Amino acid sequence: MPPPSPRSDEKAPAVHTLGAPGSAPGPLSGGDPGRGPEGAPPAGAGPGQEDDPPAGAAPVPAWSGPVPAPLPMPLSRFNAAPDETAAAVLLRCCGSSRWAARIAAFRPYPEAGSLLAALDEASYDMTPADVAEALSSESPQLPPPADGPARPASGGGPRGHDRPGVLAAHTALRAAHAAYEKRFGHAFLMCLDEWGPDEQLGQALAAIRTRLGNDPEEERPVVAEELRRLARARLRRMVGGLP
């Protein structure tokens, strides 16, 4: 059966990965990638080795099953993987089991565009129950400052959280996250790939303040679209060669 056709001709933006030197932070979402229950590494990971995404990978939902290292894997390897392995890779991109099973079932994908088209189609067709399941695996994450983690200044001027206004913006964003979760019952999600590192904190704060004014019916399609965009960004970190 051929993969489903895309509903849009969107070209995915370049992925900026969290913590990678010289790049912007990743999507404003995440969990503890590659970890099993109570933070244990996945089965099969040897001492000092875990089946985690490569350093700097975009945040993904909590561990959902065995994912082979190293990542990203080639598309051919993803196509040939057992169903449970492919589903585990996909669940690290979006936490809906039906969404993951649907995309895995359409393998093999002849090229990267068809895989992304299948991701889009499955995302557009998610039911409210699918979205709720996906949201249950998400947790909020603040975008780090452009200069990386805060550290004491060493005579070179303010850096990271020490820059004027950055600490106040992070404090405001944490408070807005709490207000959003109280209002809507789930974490605030936003993919920040299209903005540079100096813009991401401000964009996240502006967006969450705007979206706090939505009612639940207005917010629902916004959240579904952010889940789709986050899944695209994460899949590009899990499967190599995706645009």
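User: Where is proline 108 found?

Analyst: Proline 108 is found in the loop between α3 and α4. Keep in mind that this is a predicted model: local features need pLDDT of at least 70, side-chain atom pairs count only at pLDDT 80 or more, and totals for chains, interfaces and linings use all residues. Residues are numbered from 1 along each chain as its sequence is written, and side-chain values use heavy atoms, with hydrogens and water left out.

User: What makes something a helix here?

Analyst: It has to be a DSSP run of H or I with at least four residues, while a strand is a run of E with at least two; both are numbered from the N terminus.

User: Is the peptide bond from arginine 107 to proline 108 cis or trans?

Analyst: That bond is cis, with omega near 5°. Most peptide bonds are trans.

User: How do you know that the side chains of aspartate 120 and arginine 232 meet in a salt bridge?

Analyst: Check the definition: a side-chain nitrogen of Lys or Arg has to be within 4 Å of a carboxyl oxygen of Asp or Glu. For aspartate 120 and arginine 232 the N to O distance is 2.8 Å, so the pair passes. The two sit in distant parts of the chain, aspartate 120 in helix α4 (residues 112-124) and arginine 232 in helix α8 (residues 216-238), 112 residues apart. The structure holds 12 salt bridges.

User: Why is aspartate 120 called buried?

Analyst: Buried means under 20% relative accessible area (1.4 Å probe, protein chains only), exposed means over 50%, and partly exposed is in between. Aspartate 120 has 1%, so the word fits. Arginine 232 has 5%, so this partner is buried as well.

User: Which residues are linked in a network of salt bridges?

Analyst: Asp120, Glu225, Arg228 and Arg232 make up that network. Arginine 228 is found in helix α8 and is buried at 3%.

User: What makes the link between the side chains of arginine 228 and glutamate 225 a polar contact?

Analyst: A polar contact is a pair of N or O atoms within 3.5 Å; within protein, one must be able to donate a hydrogen and the other to accept it, and residues adjacent in sequence count only if both atoms are side-chain atoms. The side chains of arginine 228 and glutamate 225 come in at 2.7 Å, so the distance part is met.

User: What do the side chains of arginine 234 and glutamate 138 meet in?

Analyst: A salt bridge again, at 2.8 Å from N to O. Arginine 234 is in helix α8 and glutamate 138 in the loop between α5 (128-136) and α6 (166-184), so the bridge ties together parts 96 residues apart in sequence. Arginine 234 is buried at 1%, and glutamate 138 is buried at 8%.

User: How do you know that aspartate 193 and arginine 236 meet in a salt bridge?

Analyst: Their N to O distance is 3.6 Å, still inside the cut-off, so the pair counts. Aspartate 193 lies in the loop between α6 and α7 (197-211) and arginine 236 in helix α8, so this bridge ties together parts that are 43 residues apart in sequence. Both residues are buried.

User: Which residues of α5 are buried?

Analyst: Asp130, Val131, Ala134 and Leu135. Down the axis of α5 they fall within an arc of 130° (taken over the directions from the helix axis to the C-beta atoms), so they line one face of the helix. The face turned away from them carries the exposed Pro128, Ala129 and Ser136.

User: How long is α7, set against the expected span?

Analyst: The expected span is 1.5 Å times one less than the number of residues. With 15 residues, α7 is expected to span 21 Å, and the reach from first to last C-alpha is 22 Å, which is close.

User: What makes a set of residues a nonpolar core?

Analyst: The members are buried Ala, Val, Leu, Ile, Met, Phe, Trp, Tyr and Cys residues joined through side-chain atoms within 4.5 Å. Here the largest core has 52 residues, and Phe78, Trp99, Leu115, Leu235 and Val239 have the most contacts inside it. Helix α8 gives the most to this core, with 7 residues.

User: What is valine 239 in contact with, leaving aside its neighbours within four places in sequence?

Analyst: Contact means heavy atoms within 4.5 Å. Among the residues that valine 239 touches in this way are Pro72, Phe78, Val89 and Leu115.
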